[in-house]
Structure formats: structure tokens, C-alpha cells
Amino acid sequence: MALDFREQVPLAPLTTFELGGPARFFVSVASEDEAQEALAWAADGGHRVLLLGGGSNMVIGDEGFDGLVIHLEGLRGVRFEDDGDSVEVTAAAGEPWDDLVARAVDRDLAGLECLSGIPGFVGGAPIQNIGAYGQDVSETIVRVRAFDRKIASIVDLTSEDCEFSYRASAFKREPDRHVVLSVSFRLEAGGAPALRYGELQRALAAESGGAAPSLRQIRDQVIALRRAKSMVLDPDDDNRRSAGSFFTNPIVPDAEADRVVSLAVAEGLVQEPGEVPRYPAGPGLSKLAAGWLIERAGIAKGTRRGNVGISTRHALGLVHHGGARTTDLLALAREVRRTVKDRFGITLVPEPRLVNCAL
Ligand code: EPU
């Protein structure tokens, strides 16, 4: 079937922020061949390309996108290949992420359980190396099938080729090069669930009284924790129009983290140094909690600036309340970044992809 290229298509409804202007050209694709056809059309016409999946990690500028937006929703299909102790699961880029996690947990396959309840599509998972509750996809991804626009052909990338790090990858560093078509994960049949994150351990211990939790229990608990922070897409939640965490947690030299801790103690923000959330992040490095820095810098949960604001449940969630423009959201993000910088000397980095707009 011939592709249906449309013009001036609103993008806001296709993003979880519900913000941003239209696409000059827009096409939905339902197969890898169609995706390649759409890319060739853009190349012929000299149009820039924006790949759109679940729109859950994207901020689109008010002017929209002056090129071709390719919507990957139609790229579907999941395949399980039994390999003895492990199972290789391959999912197409347009599969809803959480459906994949649910299917893996249903089959008692370990490796994705802590990533329950994350919005978006499978294709977005390797791009920002999605992670939560002590697990991330770099641990289980064995292959990413992608169209490499630089050499105009389909490539199979190994996990090493993807150069994963905290909330980052080769795809994020070179955003216009690859179109992720499908992702393969190696999961462990009957494997033990990952139980590494303090908050998750405490919640499960309170519930199970110490018995080893099942993958299903982990999934249910993770979703409950996320829901309590408005990090699950729920149509009845006033904090729902967001992109999850708006900033990444800063990874800084240990000495820099020590300085923040001393400052917090000296200024009476905490009683004990150990109260400042801080996690080891590789040799000589510490990860600080951006949500903590924002709150302690004086920006309270529930703060509003017109029709945008800070989530009432998590200081790292910037939220659109309806009727705002991207410009309003960016002004708030700048205010948050400036306030944290002035207070702690730490510069926060946005997590979502900013399209045709900047902080
Ligand atoms: N905190 C505050 N105030 C807040 C929020 C958090 O003081 O308003 C403190 C908490 O008390 C805690 C620390 O900050 O000590 C960390 O908070 P939390 O456990 O909620 O996790 P996070 O670091 O804010 C990260 C991920 C989330 C992921 C959770 C759970 C990033 C940028 N965010 O959030 O991922 O779900 O851990 O693992 O790494 C996302 O990337 O969009 C996302 C939601």
C-alpha cells in the first residue's frame, strides 16, 4: 500500500507532554520496508527526519518540526526463541514497552521486571538506556536492528556497539543516524528477580515478610511505587502530562558530591551527611539525586507557573496542566536549572530529547 504522507499534522497529542507544534510532513509506517521507503522519500526531498515512537521522552518546540515525522507505531511483533536456560526475545520498535515486560514476566523470564510501568515503545528503550529500580536495558540487550542512515542500510548492532551508559547510548549521542527497528533481549528462564534498590527492597519486605519475591510481585510493586510518584501514565492523574524525570541525576566527581553534602549540613538542610541521597557511580564518581537537589534548592513539589509546574508527587517531574506552550515549560525548566545551580553549583541536564527547542 502506498504510504500516506500528510501535512501540518499536530504532534502534541502524540507526546505525553501534549505540547509542541505540528509536523510539516507526517507518515505512519507499518513495516521495515515502509520505514525505509519513508526515509528514501525524505532523502529525495531533502527533508529532515524525526522518528517518533511513544512520545514519552520528547519535548517538541512550539514551531513544530519542519521536516518529515515518521511514526513507528505500526512496527509490531514479538518473538520468543528458547535457548535452553535463556530465552532471546525480539520485539519490534513500535511495541508498547510495558506490554513486553508483562509478557516476559508472564513467562517467568527474568531481566526486565524492574522496568515495569515505563511508558513509551520498545524502540526508545536502547536510545536512552531506560532504567529503574536498579535495572536497565543495557544488561539484557544483545542486539539492536537498525537502519543506519549514514550508510543507507540495515545493521545489527551488538550491545557493545550501542555504547550504553547511564541514560545514554550511541543512539542518543548521534540522534539522527539510526532508526531502531527491533531490539533483542536475552532473558533468564526462571531467573531470580533483580532486587537491588533500597526503596523496592523495603516495600517488598513489608509486604512479604522476608520471603523471596516472584517476578510478578516485583512487577506489581514497581508499578505501585511508580504510580505513587505519578510515573505511570494514568488518565485520571493531574501530573500525567510529563516525560517522567525531566533531568538526569547528576554524576559528579566524589569531591564535588562531598562539597554538596558539606553545604547541606552547614546550611541545616540535613542533620547527618548520610541523609543526602548519594550513590557510587564508577571510580571516583558519585550520583546525586536531582529531585532532592530541586526540592532542597527551594522548589517545592506542586509549584506552579501558570499552566506548567512541578509534579505534586515528585520534584523531578515537570508537568503540563493543559493550555500551556512549550515555551512555558522551557522557562520553568530554566528556572529549576538556575535555582539548583545557584544553590548547589550543580548544572542539571535535561533527560528528554528537545526537538526544535533548547534550554
Ligand atoms: N527525592 C527527593 N524529592 C523528590 C524526589 C526524590 O528528595 O521530589 C529523593 C528521594 O528521597 C530519593 C532520591 O531523591 O532519596 C531518589 O528518588 P527516586 O527513588 O524517586 O528516584 P529518582 O532518582 O528521582 C530515578 C530515575 C527514574 C526511576 C527511579 C527509580 C532518573 C533520571 N530517574 O529517579 O526514571 O524510575 O530512579 O529507579 O534516573 C525516568 O528516567 O524518566 C524515570 C522516571
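Student: Quick one to start: where is E335 found?

Tutor: E335 sits in helix α8. Keep in mind that this is a predicted model.

Student: Is E335 buried or exposed?

Tutor: E335 counts as buried, with a relative accessibility of 18%. The cut-off for buried is under 20%, which is why that value qualifies.

Student: And what is E335 in contact with, leaving aside neighbours within four places in sequence?

Tutor: With that restriction, E335 is in contact with I299 and R305.

Student: OK, switching to the ligand. Which residues come nearest to the ligand?

Tutor: There are 28 residues around it, and Y133, Y166, Y197, E295 and E351 come nearest.

Student: What are the polar distances for Y166 and E295?

Tutor: For Y166, an N or O atom of the side chain is 2.7 Å from an oxygen atom of the ligand. For E295, a polar side-chain atom lies 2.7 Å from a nitrogen atom of the ligand. You can add K229 to your list: one of its polar side-chain atoms lies 2.8 Å from a ligand oxygen atom.

Student: Now helix α6. How many residues does α6 have, and how far apart are its end C-alpha atoms?

Tutor: Helix α6 has 13 residues, 254-266, and its end C-alpha atoms are 18 Å apart. At 1.5 Å a residue the expected span is 18 Å, so the two agree.

Student: Which residues of α6 are buried?

Tutor: A257, V260, V261 and A264 are buried in α6. Looking down the helix axis, the buried residues fall within an arc of 100°, so they line one face of α6.

Student: What covers the buried residues of α6?

Tutor: The cover includes β14 (251-253), β15 (278-280) and β16 (285-288), along with helices α7 (290-296) and α8 (326-344). So α8, the helix that holds E335, is part of the cover. On the face turned away from the buried side, α6 carries the exposed residues A255 and A266.

Student: Where does E256 fit in, and what does its side chain do?

Tutor: E256 is in α6 too. Its relative accessible area is 24%, so E256 is partly exposed. The side chain of E256 makes a polar contact with the side chain of R259 at 3.0 Å. Leaving out neighbours within four places in sequence, E256 is in contact with G345 and I346.

Student: What happens just after α6?

Tutor: G268 takes a positive phi of about 75° there.

Student: Cores next. How many residues are in the largest nonpolar core, and which have the most contacts inside it?

Tutor: That core has 40 residues, and W97, L100, L112, V137, V144, F185 and L200 have the most contacts inside it. Among the elements giving it two or more residues are α2 (97-106), β13 (178-189) and α5 (215-228). Helix α2 supplies the largest share, five residues. A second, separate core has 37 residues, including A264, A289, F344 and C357.

Student: What does W97 touch, leaving aside neighbours within four places in sequence?

Tutor: The contacts of W97 include L112, L115, I118, F121, V137 and F185.

Student: Last one: where is I127 found, and what does it touch?

Tutor: I127 is in the loop between β8 and β9. It is partly exposed, at 32% relative accessible area. Not counting residues up to four places away in sequence, I127 touches A168, S169, F171, K172 and V180.

Note on methods. Residues numbered from 1 in each chain as written. Predicted model: local features only at pLDDT ≥ 70, side-chain atom pairs only at ≥ 80, totals over all residues. Heavy atoms only, no water. Helix = DSSP H or I, 4+ residues; strand = E, 2+ residues; numbered from the N terminus. Expected span 1.5 Å × (residues − 1). Buried < 20%, exposed > 50% of the residue type's maximum accessible area, 1.4 Å probe, protein only. Arc of directions from axis to C-beta. Contact = heavy atoms within 4.5 Å. Core = buried A, V, L, I, M, F, W, Y, C linked by side-chain atoms within 4.5 Å. Near = heavy atom within 4 Å. Polar contact = N/O pair within 3.5 Å; in protein donor to acceptor, adjacent residues only side chain to side chain.
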